[in-house]
Amino acid sequence: MNDDIASRKKVAGEKYCSDCGQVISEKAEICPKCGVRQTAAPSAFGTTAPNGKNKLTAALLAFFLGAFGAHKFYLGQIGFGILYLLFFWTLIPSIIAFIEFIILLTMSDEVFNARFGNT
């Protein structure tokens, strides 16, 4: 009987567990069979960290509003965001934000999730 359940085809609203392959609800965060947390499927804007932060969004904020620290606020680094706001007139935060923009674009999803995914 277990073979019948495991070999069952998924239908609309279902997906396969990323670890054990069991058919589970598409909205399930944790597989009821093996207990493994399911990762979010990549969207058009890249993968999203467990806390909902997106690498591309952070990079674009760093590029367009980095002088004001918008990307720092988005990533949960409020102290650095305030520091950027205090010194934006010196243009130093603009230069740093452009460097951070490049770093965010070249950073792997795993590193991004490890660094910013739990804030």
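Let me begin with one residue, valine 36, which touches Asp19, Glu29, Ile30 and Cys31 once residues up to four places away in sequence are left out of the count. What we are looking at is a predicted model, and valine 36 lies in its loop between strand 2 and helix 2. Is this valine buried, partly exposed or exposed? With a relative accessibility of 28%, valine 36 counts as partly exposed, because that value falls between the 20% under which a residue is buried and the 50% over which it is exposed. If you follow the chain from valine 36 to serine 18, you pass along 18 residues, and yet the C-alpha atoms of the two are separated by 8.0 Å.

The next residue along, arginine 37, has its place in that loop too, between strand 2 (23–25) and helix 2. Arginine 37 counts as exposed, because its relative accessibility is 51%. Leaving out residues up to four places away in sequence, arginine 37 touches Ser18, Glu29 and Ile30, and its C-alpha lies 9.0 Å from that of cysteine 17, which is 20 residues away in sequence.

Now let me step back to the whole chain. It holds 6 helices and 2 strands, and, read along the sequence, these follow the pattern α-β-β-α-α-α-α-α. Of the 119 residues in the chain, 29% are buried. If we take the contacts between residues at least 6 apart in sequence, 31% of them join residues at least 24 apart.

With that in mind, I would like to turn to a pair of helices. Helix 2, which covers residues 55–65, packs against helix 5, which covers residues 92–106, at an angle of about 160°, and the axes of the two are 8 Å apart. That angle makes helix 2 roughly antiparallel to helix 5, because angles over 145 degrees are counted in that way. Helix 2 passes helix 5 in a left-handed crossing. Which residues make the contact? From helix 2 they are Lys55, Leu56, Ala58, Ala59, Ala62 and Phe63, and from helix 5 they are Ala97, Phe98, Phe101, Leu104 and Leu105. Sorted by class, this contact has 10 nonpolar residues, 1 charged residue and no polar ones.

One member of that contact, leucine 56 in helix 2, is worth a moment. Leucine 56 is partly exposed, because its relative accessible area is 30%. Its C-alpha is 7.0 Å from that of leucine 105, although the two leucines are 49 residues apart in sequence.

From the helix pair we can move to the largest nonpolar core, which has 10 residues in all: Ala49, Ala58, Ala59, Ala62, Leu75, Phe101, Leu104, Met107, Phe112 and Phe116. Helix 2, helix 5 and helix 6 (109–116) each supply at least two residues of this core, and helix 2 gives the most, with 3 residues. As a general point, nonpolar side chains in soluble globular proteins tend to be buried together. Alanine 49, one of the core residues, touches Phe112, Asn113 and Gly117, again without counting residues up to four places away in sequence.

Helix 6 also contains aspartate 109, which counts as partly exposed because its relative accessibility is 29%. Between aspartate 109 and threonine 48 there is a separation of 61 residues along the chain, while their C-alpha atoms are separated by 8.5 Å.

Two more residues remain, and I would ask you to compare their surroundings in the model. Where is lysine 72 found? Lysine 72 is in helix 3, residues 70–74, and it counts as buried, because its relative accessibility is 10%, under the 20% cut-off. Lysine 72 touches Gln77, Ile78, Phe80, Gly81, Tyr84 and Glu100, with residues up to four places away in sequence not counted.

Leucine 91, by contrast, is exposed, because its relative accessible area is 53%, and it lies in the loop between helix 4 (78–87) and helix 5. What is phi for leucine 91? It is near 70°, a positive value in a residue other than glycine. For context, most residues other than glycine have a negative phi.

Key
Residues are numbered from 1 along each chain as its sequence is written. This is a predicted model: local features need pLDDT of at least 70, side-chain atom pairs count only at pLDDT 80 or more; totals for chains, interfaces and linings use all residues. Side-chain values use heavy atoms; hydrogens and water are left out. Axes are lines fitted to C-alpha atoms, for helices over the stretch in contact, and angles run from 0 to 180 degrees between N-to-C directions. Helices (H or I, at least four residues) and strands (E, at least two) are DSSP runs, numbered from the N terminus. Angles under 35 degrees count as roughly parallel, over 145 as roughly antiparallel, 65 to 115 as roughly perpendicular and the rest as oblique. A crossing is left-handed if the near helix is turned anticlockwise from the far one by less than a right angle, and right-handed if clockwise. Contact means heavy atoms within 4.5 Å. Ala, Val, Leu, Ile, Met, Phe, Trp, Tyr, Cys and Pro count as nonpolar, Asp, Glu, Lys and Arg as charged, and the others, Gly among them, as polar. A nonpolar core is a set of buried Ala, Val, Leu, Ile, Met, Phe, Trp, Tyr and Cys residues joined through side-chain atoms within 4.5 Å. Buried means under 20% relative accessible area, exposed over 50%, partly exposed in between (1.4 Å probe, protein chains only).
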